[in-house]
Amino acid sequence: MRIEPWARTYASAKTIAASGITRTSGNANGEVVPNKAATQYWFEYGTSANLGLITSVQSAGSSNTKVSVSLPLSNLAPATTYYFRLNAQNNFGTSNGTIL
């Protein structure tokens with residue numbers, strides 16, 4: 001049995017600028033390409049580039065096309081800069097987006 005090269009590819013994750021920003025909340029955004037393998041994603045965030053907090057894990061499906069993803073971040077401290085990044089994982093590995 002031949003296994004196609006795409007069947008051994010980890011998902012890709014691209015972090016995109018936050019939206020819907022208020023004093024204590026905002027939406028973390030990104031794009032995931034599952035690369036034909038069941039893929040999960042989540043965001044890490046925090047008040048420094050070390051991050052430290054995570055959102056719930058969500059499914060990005062198993063397509064071979066770009067999937068736009070967004071999760072709300074709430075109960076944030078007012079007047080505080082937050083950093084975040086998107087992560088995607090399937091059976092072949094984990095991809096970490098850029099920290100914004």
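**Figure 1. Asparagine 75, an exposed loop residue.** In this predicted model, asparagine 75 counts as exposed because its relative accessibility is 74%, and the cut-off for exposed is over 50%. Look for asparagine 75 in the loop between β6 and β7. For a sense of distance, compare its C-alpha with that of alanine 49: the two residues are 26 apart in sequence and 19 Å apart in space.

**Figure 2. The whole chain, to get your bearings.** The chain has 0 helices and 8 strands, so a reader starting at the N terminus meets the elements in the order β-β-β-β-β-β-β-β. Taken along the principal axes, the C-alpha atoms fill a box of roughly 55 × 25 × 20 Å. Of the 100 residues, 34% count as buried. The accessible surface comes to about 5,900 Å², and carbon and sulfur atoms account for 51% of that area. Among contacts with a separation of 6 or more, 65% are between residues 24 or more positions apart.

**Figure 3. The hairpin of β1 and β2.** Strand β1, residues 12–19, pairs with β2 in the antiparallel sense over 6 bridges. One place to check the register is alanine 13, whose bridge partner in β2 is valine 32. Between the two strands of this hairpin lie 6 residues, and glycine 20 in the turn has a positive phi of about 60°.

**Figure 4. Strand β3 and its partners.** Here is a mostly covered strand: 7 of the 8 residues of β3 are buried. Which strands does β3 pair with? On the list are β7, joined to β3 by 7 antiparallel bridges, and β5, joined by 3 bridges and also antiparallel. Strand β4, residues 53–54, runs antiparallel to β3 as well, with 2 bridges between them. Threonine 39 stands opposite glycine 61 in β5. Tyrosine 45 is a handy landmark, since its bridge partner in β7 is phenylalanine 84, while its partner in β4 is leucine 53. In the hairpin of β3 and β4, 6 residues sit between the strands, and leucine 51 takes a positive phi near 60°.

**Figure 5. The largest nonpolar core.** In soluble globular proteins, nonpolar side chains tend to be buried together. The largest nonpolar core in this chain holds 15 residues, and the members that touch the most others are Val32, Tyr41, Phe43, Val69 and Leu86. Four strands, β2, β3, β6 and β7, each supply at least two residues of this core.

**Figure 6. A salt bridge between glutamate 44 and arginine 85.** Side chains of opposite charge can pair when their charged atoms come close. By the rule used here, the count comes to 2 salt bridges. In the one shown in this view, the closest N and O atoms of glutamate 44 and arginine 85 are 2.8 Å apart. The pair links distant parts of the chain, with glutamate 44 in strand β3 (residues 39–46) and arginine 85 in strand β7 (residues 83–90), 41 residues apart. Are these two residues buried or exposed? Both glutamate 44 and arginine 85 are buried.

**Figure 7. A salt bridge between lysine 66 and glutamate 31.** The side chains of lysine 66 and glutamate 31 meet with an N to O distance of 3.9 Å. This pair too links distant parts of the chain: lysine 66 belongs to the loop between β5 (58–61) and β6 (67–73), glutamate 31 to strand β2 (residues 26–33), and 35 residues separate them. Lysine 66 counts as exposed because its relative accessibility is 53%, whereas glutamate 31 counts as buried because its value is 17%.

**Figure 8. Asparagine 87 and its neighbours.** Asparagine 87 has its place in strand β7 and is buried, with a relative accessible area of 0%. Its side chain makes a polar contact of 3.1 Å with the side chain of glutamate 44. Leaving aside residues up to four places away in sequence, asparagine 87 touches Ala13, Gln40, Tyr41, Trp42, Phe43, Glu44, Ser95 and Asn96.

**Figure 9. Asparagine 35, a buried loop residue.** Asparagine 35 is found in the loop between β2 and β3. Why does asparagine 35 count as buried? Its relative accessible area is 15%, and buried means under 20%. A polar atom of the asparagine 35 side chain lies 3.0 Å from the backbone oxygen of tyrosine 10.

Key
Residues are numbered from 1 along each chain as its sequence is written. This is a predicted model: local features need pLDDT of at least 70, side-chain atom pairs count only at pLDDT 80 or more; totals for chains, interfaces and linings use all residues. Side-chain values use heavy atoms; hydrogens and water are left out. A salt bridge is a side-chain nitrogen of Lys or Arg within 4 Å of a carboxyl oxygen of Asp or Glu. Buried means under 20% relative accessible area, exposed over 50%, partly exposed in between (1.4 Å probe, protein chains only). A nonpolar core is a set of buried Ala, Val, Leu, Ile, Met, Phe, Trp, Tyr and Cys residues joined through side-chain atoms within 4.5 Å. A polar contact is a pair of N or O atoms within 3.5 Å; within protein, one must be able to donate a hydrogen and the other to accept it, and residues adjacent in sequence count only if both atoms are side-chain atoms. Two strands pair if DSSP finds at least two bridges between them. Contact means heavy atoms within 4.5 Å. Accessible areas come from the Shrake-Rupley method with a 1.4 Å probe; for residues, only the protein chains shown count as cover.
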